[in-house]
Amino acid sequence: MTGNVLLNGKRRRLNYGVAAYVTQEDVLLGTLTVRETITYSAYLRLPPTLSKEEVNGIIEATIMEMGLQDCADRNIGNWHLRGISGGEKKRLSIALEILTRPRLLFLDEPTSGLDSASAFFVIQTLRNIARGGPTVISSIHQPSSEVFTLFDDLFLLSGGQTVYFGPAKKAVEFFAKAGVPCPRRRNPSDHFLRCINSDFDKITTTLMGSNRMDICNSGIEMCSDPLMNRATAEIKAMLVEKYRCSEYSLIARERIREILTIEGLGNERKSGSQAKWWKQLSVLTRRSFVNMSRDVGYYWLRIGVYIALSICVGSIFFDVGTNFGAILARGACGGFLSGFMTFMSIGGFPSFLEEMKVFYKERLNGHYGVAVYILSNFLSSFPFLALMSLSTGTITYYMVKFRPEFSNYLYLSLDLISSIATVESSMMIIASLVPNFLMGVIIGAGYIGIMMMTSGFFRLLPDLPKPIWRYPISYINYGAWGLQGAYKNDMIGLEFDSFAPNGPKLKGEFILKNMLGVQLDHSKWWDLAAVVFILVSFRLLFFAILKFKERASPYYRTFYTKRTLRNLKKRSSFRKTAVSFPSKRHQPLHPLSAQEGFNSPLH
């Protein structure tokens with residue numbers, strides 16, 4: 001489809017804050033309550049000039065306007081928390097978007113999946129919102145007769161062509177004048193769909209072919225339907241032509257011409273969020289921390305597994321000592337800590353994907369920037385990363401008895417924190433590139449596996465094949481730098497027994513260089529700095545990917561659409577012919593500028 005977006009008669013983009021969009025899927029953080037969700041959103045977007053009392057007043061007014069008083073203090077719900085109903089979630093999604101009173105409110109099938117009472121409540125709420133000023137535009141899914149009576153205007157589309165556009169109450173009259181009156185006991189919306197949805201032709205043909213057309217005796221009374229004797233494509237073509245010559249089409253054209261003459265409104269600008277960036281950072285950090293602390297699967301399960309594994313490692317390598325066999329034991333213990341312990345970070349992938357969905361939705365509506373989100377995510381997750389690292393480091397360090405000095409213990413903990421944070425950053429990058437959870441876990445596991453194989457434990461760094469694996473993979477591998485630092489932290493200054501009885505002591509430096517392939521031309525702190533550098537690089541790369549996807553998305557959609565249309569034109573079944581196709585998917589495409597029978601107002 002092609003066309004132009006005009007706002008107040010001017011061609012322009014729908015800037016953040018001018019238009020809000022409520023998706024069909026309710027994307028919410030299930031660990032928060034309804035009131036908390038609205039509160040965080042309000043403080044993220046409302047101007048800082050408002051006092052706390054004024055903001056709280058807006059929050060309470062929104063809760064009352066959407067009828068959420070009874071569930072205001074209940075959790076939304078996720079995989080381990082029982083939550084609110086589907087209708088309440090939909091009203092909450094709408095409440096989040098009307099906080100800043102946008103000019104336009106778009107909704108994608110807000111009644112899908114709801115029972116009749118919930119659907120009526122949602123549409124009645126939208127009607128009240130529209131009475132307050134914003135223009136509400138919604139696609140609708142199979143509305144009931146009670147819901148249909150709430151509509152002000154109705155826009156019927158079929159195959160890109162306008163079948164009717166005008167007052168909803170006049171639609172029945174239009175169809176009657178066109179020769180397809182709505183039966184007295186039929187829902188008008190069902191009748192309209194029956195007249196314009198070409199899939200009914202295919203269903204009719206299938207029933208006739210299977211000798212099941214005579215189903216009147218079962219009470220369905222399809223045989224008495226006057227539309228059963230006419231093809232839907234024929235009815236639709238007739239309705240499109242009737243509308244093109246009708247008074248409703250004339251009124252629409254005149255209204256568009258009036259809008260095009262409006263002056264002084266083309267340069268209106270409004271930001272999606274009016275809060276300062278530091279305010280957004282503070283609110284996002286608090287919200288993310290609350291979500292992480294309440295979601296058992298985000299960090300708490302992993303912390304429990306980390307502690308259990310640390311006890312196992314500590315008992316297996318308990319008081320490892322400094323005999324000759326302890327050399328390999330210390331290397332294996334260090335390899336497990338820097339490799340397999342960081343591998344566990346993939347366990348938070350599902351929870352992070354859920355948070356990413358919320359980010360994409362809120363970013364689409366301009367709630368905050370990409371940089372604020374990335375920084376807040378790191379700040380809120382840091383206490384949990386520190387808890388995991390300190391618990392692991394403390395248990396293993398003092399059970400294995402690596403070194404008695406506190407500085408060595410501190411280095412081990414910092415090395416673990418940096419490595420785990422780096423792995424989590426890599427998982428964020430993967431999550432921003434893959435389409436689903438399963439592919440993300442597979443790619444994430446493969447990536448970490450490659451990092452483990454080139455870290456210098458399974459094969460020493462000097463022995464790695466020079467092309468690719470040694471240069472550049474091992475140099476951009478957080479595991480290689482982290483393991484080298486851990487080896488240096490443990491063995492420099494120690495002496496080990498010789499393999500031969502009564503032989504000379506083996507210095508830790510000799511073992512590092514000749515047995516473990518670790519170069520001593522730089523300090524262990526440089527190794528730690530390299531891990532931190534990779535961590536920062538991954539965060540910056542994550543920022544760049546999100547910004548690139550945001551900027552490139554319109555161009556990608558344009559390219560994909562043009563390519564799809566070119567491929568469709570090559571297929572004979574999609575060419576414009578006089579054949580009546582049984583499915584609306586196989587009907588010729590029409591530009592949006594031709595829906596009203598006139599060219600684009602801009603040309």
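These legends describe close-up views of a predicted model.

**Figure 1. The whole protein is built from helices and strands.**
The predicted model has 20 helices and 11 strands. The protein runs to 603 residues, and 46% of them count as buried. Its exposed surface comes to about 30,800 Å². Carbon and sulfur atoms supply 62% of that area. Contacts between residues at least 6 apart in sequence were also sorted by separation. Of these, 74% join residues at least 24 apart. The structure also holds 21 salt bridges. Three of them are shown in the next views, including the pair Arg35 and Glu60.

**Figure 2. A salt bridge joins Arg35 and Glu60.**
The two side chains meet at 2.4 Å, taken from N to O. Arg35 lies in helix α1, residues 34-45, and Glu60 lies in helix α2, residues 52-65, so the pair ties together parts that are 25 residues apart in sequence. Both partners are partly exposed by their values. Arg35 has a relative accessibility of 25% and therefore counts as partly exposed. Glu60, at 35%, counts as partly exposed too.

**Figure 3. Glu241 and Arg244 pair within helix α9.**
Their side chains form a salt bridge, with 3.9 Å from N to O. Helix α9 covers residues 232-244. The partners are three residues apart in this helix, so about one helical turn separates them. Glu241 is partly exposed, because its relative accessibility is 44%. Arg244 is partly exposed as well, at 30%.

**Figure 4. Glu254 and Arg257 pair within helix α10.**
A salt bridge links Glu254 to Arg257. The closest N and O atoms are 3.4 Å apart. Both residues belong to helix α10, residues 247-260. They sit three residues apart, about one turn of the helix. Glu254 has a relative accessible area of 38%, so this residue is partly exposed. Arg257 is also partly exposed, with 46%. Elsewhere, salt bridges with shared partners join Arg35, Glu60 and Asp73 into one network.

**Figure 5. Four residues form a positive surface patch.**
The patch consists of Lys562, Arg563, Arg566 and Lys570. Take Arg566 as the example. This arginine lies in helix α20, which spans residues 524-570. Is Arg566 buried, partly exposed or exposed? At 47% relative accessibility, Arg566 counts as partly exposed. The cut-off for exposed is over 50%.

**Figure 6. A nonpolar patch lies on the surface.**
Trp79, Val296, Trp300, Leu301 and Leu387 make up this patch. The patch has an area of about 500 Å². Which helix gives the largest share of the nonpolar patch? Helix α12, residues 296-316, supplies that share, with three residues. Leu301 is located in helix α12. With a relative accessibility of 48%, Leu301 counts as partly exposed.

**Figure 7. Ser293 touches Trp300 and Phe384.**
Ser293 has its place in helix α11, residues 277-294. Its relative accessible area is 27%, so Ser293 is partly exposed. Which residues are in contact with Ser293, leaving aside its neighbours within four places in sequence? They are Trp300 and Phe384. Trp300 is also one of the residues in the nonpolar patch. Phe384 is 91 residues from Ser293 in sequence. In space, the two C-alpha atoms are 8.7 Å apart.

**Figure 8. Asp463 sits in a loop.**
The loop runs between helix α17, residues 437-453, and strand β8, residues 467-468. Asp463 has a relative accessible area of 40%, so this residue is partly exposed. How many residues separate Asp463 and Gly517 along the chain? The answer is 54. Their C-alpha atoms are 8.4 Å apart.

Definitions and conventions: Residues numbered from 1 in each chain as written. Predicted model: local features only at pLDDT ≥ 70, side-chain atom pairs only at ≥ 80, totals over all residues. Heavy atoms only, no water. Patch = residues over 30% accessible without salt bridge, like charges linked within 9 Å, V, L, I, M, F, W, Y side chains within 5 Å. Areas by Shrake-Rupley, 256 points an atom, 1.4 Å probe, with all protein chains shown as cover. Lys, Arg positive; Asp, Glu negative; His and termini not counted. Charge placed at Lys NZ, Arg CZ, Asp CG, Glu CD. Helix = DSSP H or I, 4+ residues; strand = E, 2+ residues; numbered from the N terminus. Buried < 20%, exposed > 50% of the residue type's maximum accessible area, 1.4 Å probe, protein only. Contact = heavy atoms within 4.5 Å.
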